[in-house]
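Reader: I'm new to this one. Could you show it to me and let me ask how each label was earned?

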Amino acid sequence: MAVTFQLSADDRDQLCELVNIGVSHASTTLSQLLKHRVAISVPTVDVKSAESALQFLENSNELTVAVLLKISGGIDGYVFLIFPHDAVSHLVHSLSGKNIDDLRTLDDFDRSTIQEVGNVLTGGMLNGLSRFLHIKLIHSVPDVVVDMGVAMFNSLSASMMLSSDEFLSLDVAICVDAAPQSIACAGGEMATGRMFLFLGPEAAERILSLTRAMVA
Amino acid sequence: MSTPVELRIAELFVGSKGETVTTNGVGSCVVVVIYDKVARMGAIAHVILPHARPDDAKSPIGPDTSGRLFVKYADQAIDVLVRELERRGGVRTHMVGKLVGGAHMFALLESDQHGIGWQNVAAARERLGMFGIPVETEVVGGTTGRNVRFDCSTGIVEIVTKV
């Protein structure tokens, strides 16, 4: 029988707060790397199925850059980062001084720069989660792909659905050069990417059992 | 010409004369087109996964509240496409299949070439074969996403990639 999620409102809050802790670490690390102010949005928790999830990013038919990392150790899952053209231009320019006019012209050096952003963000988040949950979390070498956002998102979703009908998506926006007084993404920032943490039912249950034990 | 129908992921559509269908962001998914060359009508599905699991045999086939049909598995979708075309006067021996998609977008997701894209294409070929419908054209595999446009009257399939 297919495994499905049974998440209460408390469970969702716990997962949101956990991701908040993780991405706060990630944004601090990215901010140190870029020497720019970085803000993050409040995470959104969503249970995704074939019928609902895959309509997500449907309008993202434009070329984007995706960074995929596999998480293993205490829990299994994926971190999926997606950056539109403006975000990639800004990040690459901030880190290497290069101007990127067309995402199709990214060379190995540019890809390596984006890989490093993926490493920093994911490493920061997993470090935060690892300290909080007291479990070991490691991530793979980032896989950088340039293509239509929706095609990449759907390919990952389909892969998740091979093992379970539903999966959990925790989604945050990451904004570089956010307005000085803002504490979260308010739109219009120079570089806004999105970070997803994809978890199957078993990984989500493992996290929740750990957080419930802490709360109890 | 009427506005093209935008086919969503996991959706299928049986076209009438003069209708065109577009579906975007085809990565590891597969777009299955079945065209009856004599009746000059076609049907299309944008499927996500290869085979329905035994416990998913009653997978929703729609239509939903807006009358749209959704099937996520290649085998089930082809069954519905053939049935719907036959219901409208199509004849199986006049039908040909066309396949687009099945890309291997992330090396990280599948360590070998038999990833989900490959499985989707294999499942679609197998099911079409069971109905005796030949695959006339296929643009499958590779590492890039595709946008697809299908003319239900002529059977012409156009593919656009962005990288």
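**How the labels are earned**

Author: Let's start with chain B: 68% of its contacts with a separation of 6 or more are between residues 24 or more positions apart. Two residues are in contact if their C-beta atoms, placed from the backbone, lie within 7 Å. A word on the source: this is a predicted model, where local features need pLDDT of at least 70, side-chain atom pairs count only at pLDDT 80 or more, and totals for chains, interfaces and linings use all residues. Residues are numbered from 1 along each chain as its sequence is written, while chains are lettered from A and ligands numbered from 1 in the order in which they are written.

Reader: What makes A:K35 count as exposed?

Author: A residue is exposed if 12 or fewer other C-beta atoms lie within 10 Å of its own, buried if there are 20 or more, and partly exposed in between; C-beta atoms are placed from the backbone. A:K35 has 8 such neighbours, so it counts as exposed. It sits in the loop between α1 (9-34) and β1 (38-40) of chain A, and its phi is near 60°, a positive value in a residue other than glycine.

Reader: And A:H134, is that buried or exposed?

Author: With 9 other C-beta atoms within 10 Å, A:H134 is exposed. Its loop lies between α4 (108-133) and β5 (137-139) of chain A. Just after α4(A), A:H134 takes a positive phi of about 60°.

Reader: How does the span of α4(A) fit what is expected?

Author: The expected span of a helix is 1.5 Å times one less than its number of residues. For the 26 residues of α4(A) that gives 38 Å, and the helix reaches 36 Å from its first C-alpha to its last, which is close.

Reader: How many helices and strands does chain B have?

Author: Two helices and 10 strands. Helices (H or I, at least four residues) and strands (E, at least two) are DSSP runs, numbered from the N terminus. The order in chain B is β-β-β-β-β-β-α-β-α-β-β-β, and buried residues make up 47% of its 163 residues.

Reader: Which part of chain B gives the largest share of the side that touches chain A?

Author: First the totals: 25 residues of chain B are in contact with 28 residues of chain A. Strand β3 (residues 20-26) of chain B gives the largest share of the chain B side, three residues.
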